[in-house]
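Visitor: I am new to this structure and would like a close look at a single part of it. Could you take me through one helix and what lies around it?

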Amino acid sequence: DHLWKSLNLEFMYESFESGEANITNGVAMDLTSIQCREALAQLRINLAGKHGPLSDQSIHDEMCNEFCLSSDKLREDALSRTGCNCLQLSTQPDEIAYTKKGDWCYMNSGRILCN
């Protein structure tokens, strides 16, 4: 419930709970990945004008926020349930949404942080 509120999607959660809307795990995975990526990008912005690297604690706090943890959990579940690897779950070259090889692989919090 809290995750939906923090994503500013309370209306969607209420529709989902009442059975009026069907939010797929894929949509939830995309939304949480976006929020995770934005939180990790904000770390770099917050560093502007300061000296030294990011603190381990600030990185830990962001990687352990509810968005990153939820996104990673949904991705682990998808890998487990499908028996596929991340390349197989990525957008394929013949698909219109294709941007780069292994796009799905780059969306876990560890890869987001490193890119």
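Guide: What follows looks at helix α3 and then at a residue that touches it. Please keep in mind that this is a predicted model. The protein has 7 helices and 0 strands, and buried residues make up 29% of its 115 residues. Helix α3 covers residues 25-47, and because each residue should add 1.5 Å, its 23 residues should span 33 Å, which agrees with the 33 Å between its end C-alpha atoms. Several residues of α3 are buried, among them Ala 28, Met 29, Thr 32, Ser 33 and Cys 36, and further along Ala 39, Leu 40 and Leu 43. As a general point, an α-helix has 3.6 residues a turn, so residues three or four places apart point the same way. After α3 comes Gly 49, whose phi is positive, near 85 degrees.

Two of the buried residues of α3, Cys 36 and Leu 40, are in contact with Ser 109, a residue found in helix α7, which covers residues 109-114. Ser 109 counts as buried because its relative accessible area is 4%, under the cut-off of 20%. Leaving aside neighbours within four places in sequence, Ser 109 is also in contact with Met 63, Cys 68 and Asp 72, while its C-alpha atom lies 9.3 Å from that of Phe 67, a residue 42 positions away along the chain. For the protein as a whole, among contacts with a separation of 6 or more, 55% are between residues 24 or more positions apart.

Technical notes
Residues are numbered from 1 along each chain as its sequence is written. This is a predicted model: local features need pLDDT of at least 70, side-chain atom pairs count only at pLDDT 80 or more; totals for chains, interfaces and linings use all residues. Side-chain values use heavy atoms; hydrogens and water are left out. Helices (H or I, at least four residues) and strands (E, at least two) are DSSP runs, numbered from the N terminus. The expected span of a helix is 1.5 Å times one less than its number of residues. Buried means under 20% relative accessible area, exposed over 50%, partly exposed in between (1.4 Å probe, protein chains only). Contact means heavy atoms within 4.5 Å.
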